[in-house]
Amino acid sequence: MWLTGAMVATRKPAGSGIAGASELFQLLRDGQPRTKAELVSITGLARSTVGLRLELLLELGLIEPSGEASSSGGRPPSRFALNPAAGVVIGADLGATHATIAVADLGGNVLETNRVAMPIADGPERVLTWFADSAMAILGSIGRSPSELLAVGMGLPGPIEHRTGRPVNPPIMLGWDNFDVPGWIMDSLGVPALVDNDVNIMAIGEKTTAFADTDNLLFVKVATGIGSGIISGGLLQRGAEGLAGDIGHVRIERGAGVECRCGNFGCLEAMASGPAIVAQLRADGVDVSSTRELIELVRGNDLRAISAVRQAGRDIGEVLAMCVSLVNPSVIVLGGSVSSVGEHLLAGVREIVYQRSTPVATQHLSIVQSRAAEDAAVVGACMLALGYTLSPEGIGAMSPRG
Ligand SMILES: [Zn+2]
């Protein structure tokens, strides 16, 4: 049995061997099989120590013997690798009106995904009760037991205090301010939960899905709001309060005098978000009332809609040119509902970023549309859960099967 209810605070005492075993496990996380001799040579540990740690990892079910290595004679040495079937994690992407839940194995393979309508403004108790019920149902639907669940990763559409996983003054999440989301999930499902804002998990999901070898990536979500997730040096950067990448409320030139929902004037979001583009077109007499209709107009080659989207791209490019100077990414990915209008938004962004950035910074910079598309967030949520589960801290909270 996994002691999945045990969180970080109830880790095994030092000397139980878990700490050493989880250290060794970090070498096997990539799924590549290795022999005991190879592990001895990589770690510099005594053969007996490596043997004991492997035994503990086998007992935990985290690794399994994997084929045979070639041998110069005698008994062929066994190789060991991550056992993806040893448990599962659940990733959830809760948006303003819809939720997506996915189950992934320990190898990061998504086993099942469900999308449903779910208004976030129903408040945390109702939404999380629905989430817990859905999590159990989706596990049951693929024949996995609740005891196999090791962690939950969750993205929410608002600012999250990273240290506690609590939403902080979220504008569209009525009743969620300072709600203890990880505590609620621990009480209800008995597993730790990692909570982050939706743009950060989209950045992680995009990197996992399409840019595994890219260490410096900026993911920009353009939807009802505008925000970005920064991956620098291969790691997601959250900043001091978890607000790094919050570019929607940077002031842009064209925004002078336009009020934003944050109370300031001239914010990027007030000019280039989906609702902002729709409002500008309506003011010009175009019959459009939602981002979905805007996308249809652009796809139908409506010149005024195309021009408005391209201008929004330029506005976003104005802020991104500054971001390029700050973090020097090699890829900028545009995602979110508005980005599905395609090339016209990208063209506006490219026009300004390439014009205003130094040639060296943009020499190898690509600006592309999200490839993970609507799966980016939920894949990222699974990765967040997996990152914790397979970390020394996560393994430290496990107990051998009895
Ligand atoms: Zn603002």
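Two strands count as paired here when DSSP finds at least two bridges between them, and that criterion underlies the strand partners visited on this tour of a predicted model.

**The whole chain**

Begin with the full protein in cartoon view, where 14 helices and 15 strands can be picked out. Its radius of gyration is 23 Å, close to the 21 Å that the globule rule gives for 402 residues, so the protein is as compact as a globular protein of that length. Turned along its principal axes, the C-alpha trace spans about 80 × 50 × 35 Å. If you colour by burial, 45% of the 402 residues count as buried. Among contacts between residues at least 6 apart in sequence, 64% join residues that are at least 24 apart.

**Strands S12 and S13**

Next select residues 226–232, which make up strand S12; six of these seven residues are buried, so the strand is largely enclosed by the rest of the structure. Add residues 235–237, strand S13, and you will find that S12 and S13 pair in the antiparallel sense over three bridges. Within this pairing, Ile231 has Leu236 of S13 as its bridge partner. The two strands form a hairpin with two residues between them, and Gly233 in the turn has a positive phi of about 60 degrees.

**Strand S11 and its two partners**

Now extend the selection to residues 217–222, strand S11, which runs antiparallel to S12 and is joined to it by six bridges. These two strands also form a hairpin, this time with three residues between them. Centre the view on Leu218, which stands opposite Ile230 in S12 and whose bridge partner in S14 is Ile332. Strand S14 covers residues 331–335, and the five bridges that join it to S11 belong to a parallel pairing.

**The five-stranded sheet**

With S15 (366–369) added, the selection shows an open sheet of five strands in the order S13-S12-S11-S14-S15, with mixed pairing. S13 and S15 stand at the edges, each with a single partner strand, so one side of each is left without a neighbour in the sheet. From one strand to the next, the twist averages 25 degrees. Then show helix H11, residues 343–356, which lies across S11, S14 and S15 and runs at about 165 degrees to S15.

**The nonpolar core**

Leave the sheet and select Val152, Ile316, Cys382 and Ala385, which are the residues with the most contacts inside the largest nonpolar core, a set of 118 residues. Helix H13, residues 376–389, provides the largest share of this core, namely eleven residues. Which residues does Val152 touch, leaving aside those up to four places away in sequence? They are Ile90, Ala92, Ile185, Leu189, Val191, Ala193 and Ala385.

**A second hairpin region and helix H1**

Move to residues 98–105 and 110–117, strands S5 and S6, which pair in the antiparallel sense over seven bridges. Here Val103 stands opposite Glu112 in S6, and in the hairpin, which has four residues between the strands, Gly108 takes a positive phi near 85 degrees.

Finish at helix H1, residues 18–28, whose buried residues are Ile18, Ala21, Ser22, Leu24, Phe25 and Leu28. Looking down the axis of H1, you will see these buried residues fall within an arc of 160 degrees, so they line one face of the helix.

Technical notes: Residues numbered from 1 in each chain as written. Predicted model: local features only at pLDDT ≥ 70, side-chain atom pairs only at ≥ 80, totals over all residues. Buried ≥ 20, exposed ≤ 12 C-beta atoms within 10 Å, placed from the backbone. Arc of directions from axis to C-beta. Rg over C-alpha atoms; globule rule 2.2 N^0.38 Å. Contact = placed C-beta atoms within 7 Å. Axes fitted to C-alpha atoms, helices over the stretch in contact; angles between N-to-C directions. Core = buried A, V, L, I, M, F, W, Y, C linked by C-beta atoms within 7 Å.
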